[in-house]
Amino acid sequence: MSLIDSISIPRGIRLPRVDGLIQWIVPLAIIAIWQVACVTGFVPTRVLPAPSDVALAGWKLLLSGELVRNIWVSFWRASIGFLIGGGIGFAFGLANGLSQLSSRLTDTTLQMVRNVPHLALIPLVILWFGIDESAKLFLVALGVFFPIYLNTLHGIRTVDPQLIEMGRIYGMSDGELFRRVIFPGALPSIFVGIRFALGIMWLTLIVAETIAASSGLGYMAMQAREFMQIDIVVLSILIYALLGKLADSASRVLERLTLAWHPAFQKR
Amino acid sequence: MQTALRTSLPETELASRASFAPHARVVREERPLQTTGLPLSIRGLRKSFGDNEVLRGIDLHIPAGQFVAIVGKSGCGKSTLLRLIAGLEKIDSGSISFGGETRAEDIRVMFQEPRLLPWARVLANVEVGLGRDRASADAHARAEQALTEVGLADKRDQWPSVLSGGQKQRVALGRALVSRPRVLAFDEPLGALDALTRISMQRLLERVWRDQGFTAILVTHDVSEAVALADRVLVIDEGRIAHDVLVNADRPRERGSAGLANLEGSILNHLLSADDRT
């Protein structure tokens, strides 16, 4: 996913300043059209509030401190859940990629669990954990686990065996072989897993927060729905979009830093 | 022969070649003067993969510092022999002995693929070749020296992905040379290169072999390459050494000379007549 994205960017003409801004033209144009449609009455504000109203609602929530608090709570849940689920997925991916025994022992089980949609567990999770923090963390961790597990495993299994043979001939110990050959070779695939996982992370959190929470962005949106505050509902959705973009950009920066050797990431 | 060579080579190359031309005359056996290479003795070597007996009893002695080429049809067992010598496969029966104690760094292999680490810069890739000495203080300096020997000192900070096929293979050669090996095994290292790059790589191989004096074992399917580079050509057929041919031409050898062409023709005949029998 990530590699193809970068390859398909045409790099014929490179105007650095314009390059950074060009990606925002479409979102800004959509907002402008939306504003015009609302102001002219083409779209009734009961269906969709104008962007200016949404911004105003955001400003009010910002002043009251409610917005920052809810974003922070959601962000915290997402990160902790991601770290737990991603960490365990990475560990299993490593173990099963490197050890036949471990793979035979756990892979079948994991594949079975993978085919259960994790959001289907929400009723069970609420019964187990109530609407406590642990319920959300559990669901996010579970959702994030599989893309990272599968891609780490795939990355390690597809490291060029010729390079591994080369490493052994040149006297690398097991640890060195992992550090210098296997892990760097698996890294592009691991990043694909991370980016899939980031998408699933937000998705899971939103659903969990709208169903079982007393704080967070999803909760804020549900509360607003109760009181017909449609501007706040739209605001929450926009914030989700921005947070998703932020997570994706962060993973791209990491990719560029660690995969500088990869032809797809080299400046031409 | 020497005069023909002088007219066909550019000035710079001529100077470097002229410096060792006198030695070649004195030492009739075409070996470098100071040999650091190891002799190699193979007795009754057999190897099977499942029911397929690939090597059926190889007996061979290679004197220290000799340049041996191994040719044969594909599937004749020549690569397997090389992998056994390099310790990449287990021996079924028989023995391979080098004259004396060897360290892992003494025997190096160069493959048809460069097998460079794409995520390591050129210099770091060469350092891999130091084996256990990687951590030593002079690792950088030694790697840089090896890179200079293969003529790529200016590429030290590049990623392998930006190099051409020939340059990658030169980095792989530098990596094999950096530990100063005493036996260097080549498994069709030039097989994937275009004709001109091949010729310049052959010259490079010959030069480093002369400079360093290791025992060289080259597996190739190109008989003209074998004849141009080696002191001795072994023809392997059906898991045995079918012919053992000494090449007594002076070095540096002139490409396409009548003597070498004759030799090449007769070796090719051996290979093809073996083909007719089956």
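In the predicted model, helices H6(B) and H7(B) are roughly parallel to each other, because the angle between them, about 15°, lies under 35 degrees. Helix H6 spans residues 165-177 of chain B and helix H7 spans residues 195-212 of chain B, and their axes are 11 Å apart. The crossing in which H6(B) passes H7(B) is right-handed. On the side of H6(B), the contact is made by B:Gly165, B:Gly166, B:Gln169, B:Arg170 and B:Leu177, and H7(B) contributes B:Thr197, B:Met201, B:Leu204, B:Val208 and B:Gln212. By class, the residues of this contact divide into four nonpolar, five polar and one charged.

These two helices belong to a chain with nine helices and nine strands. Chain B comprises 278 residues, of which 40% count as buried. Among its contacts between residues at least 6 apart in sequence, 73% join residues at least 24 apart.

Six of the strands of chain B form an open sheet with mixed pairing, in the order S5-S6-S7-S3-S8-S9. Strands S5 and S9 (240-246) of chain B are the edge strands, each pairing on one side only. From one strand to the next, the twist averages 20°.

At one edge of this sheet, strand S5 (residues 107-110) of chain B directs B:Ile107 and B:Val109 one way and B:Arg108 and B:Met110 the other way. In a regular strand the side chains alternate between the two faces of the sheet. The four named residues of S5(B) are all buried. Strand S5(B) runs parallel to strand S6 (residues 183-187) of chain B, to which four bridges join it. Within this pairing, B:Arg108 stands opposite B:Leu184 of S6(B).

Further along the sheet, strand S3 (residues 67-71) of chain B pairs in the parallel sense with strand S7 (residues 215-219) of chain B, over four bridges. The bridge partner of B:Ile70 in S7(B) is B:Val219. Strand S3(B) also pairs with S8(B), again in the parallel sense and over four bridges, and here B:Ala69 stands opposite B:Val233.

Strand S8 (residues 232-237) of chain B has five of its six residues buried, so this strand is largely enclosed by the rest of the structure. Its pairing with S9(B) is antiparallel and comprises six bridges. B:Leu234 of S8(B) is placed opposite B:Asp244 of S9(B). Strands S8(B) and S9(B) form a hairpin with two residues between the strands, in which B:Glu238 takes a positive phi near 50°.

Positive phi values also occur in loops that follow the sheet strands S5 and S6 of chain B. B:Arg115, a residue other than glycine, has a phi near 55° and is located in the loop between S5 and helix H4 (122-128) of chain B. With 23 other C-beta atoms within 10 Å, B:Arg115 is buried, because the criterion for burial is 20 or more. B:Glu188, which is likewise not a glycine, has a positive phi of about 45° and lies in the loop between S6 and H7 of chain B. For B:Glu188, 19 other C-beta atoms are found within 10 Å, and this residue is therefore partly exposed.

In chain A, helix H11 (residues 217-226) has as its buried residues A:Leu217, A:Gly218, A:Tyr219, A:Met220 and A:Ala221. The elements covering these residues include helix H5 (66-98), helix H10 (174-211) and helix H12 (230-258) of chain A. Helix H11(A) is followed by A:Met228, for which phi is positive, near 60°.

The contact between the two chains takes 14 residues from chain B and eleven residues from chain A. On the side of chain B that touches chain A, the residues divide into eight nonpolar, three polar and three charged.

Key. Residues numbered from 1 in each chain as written. Chains lettered and ligands numbered in written order. Predicted model: local features only at pLDDT ≥ 70, side-chain atom pairs only at ≥ 80, totals over all residues. Axes fitted to C-alpha atoms, helices over the stretch in contact; angles between N-to-C directions. Parallel < 35°, antiparallel > 145°, perpendicular 65-115°, else oblique. Left-handed = near helix turned anticlockwise from the far one by under 90°. Contact = placed C-beta atoms within 7 Å. Nonpolar A, V, L, I, M, F, W, Y, C, P; charged D, E, K, R; others polar. Buried ≥ 20, exposed ≤ 12 C-beta atoms within 10 Å, placed from the backbone. Pairing = 2+ DSSP bridges.
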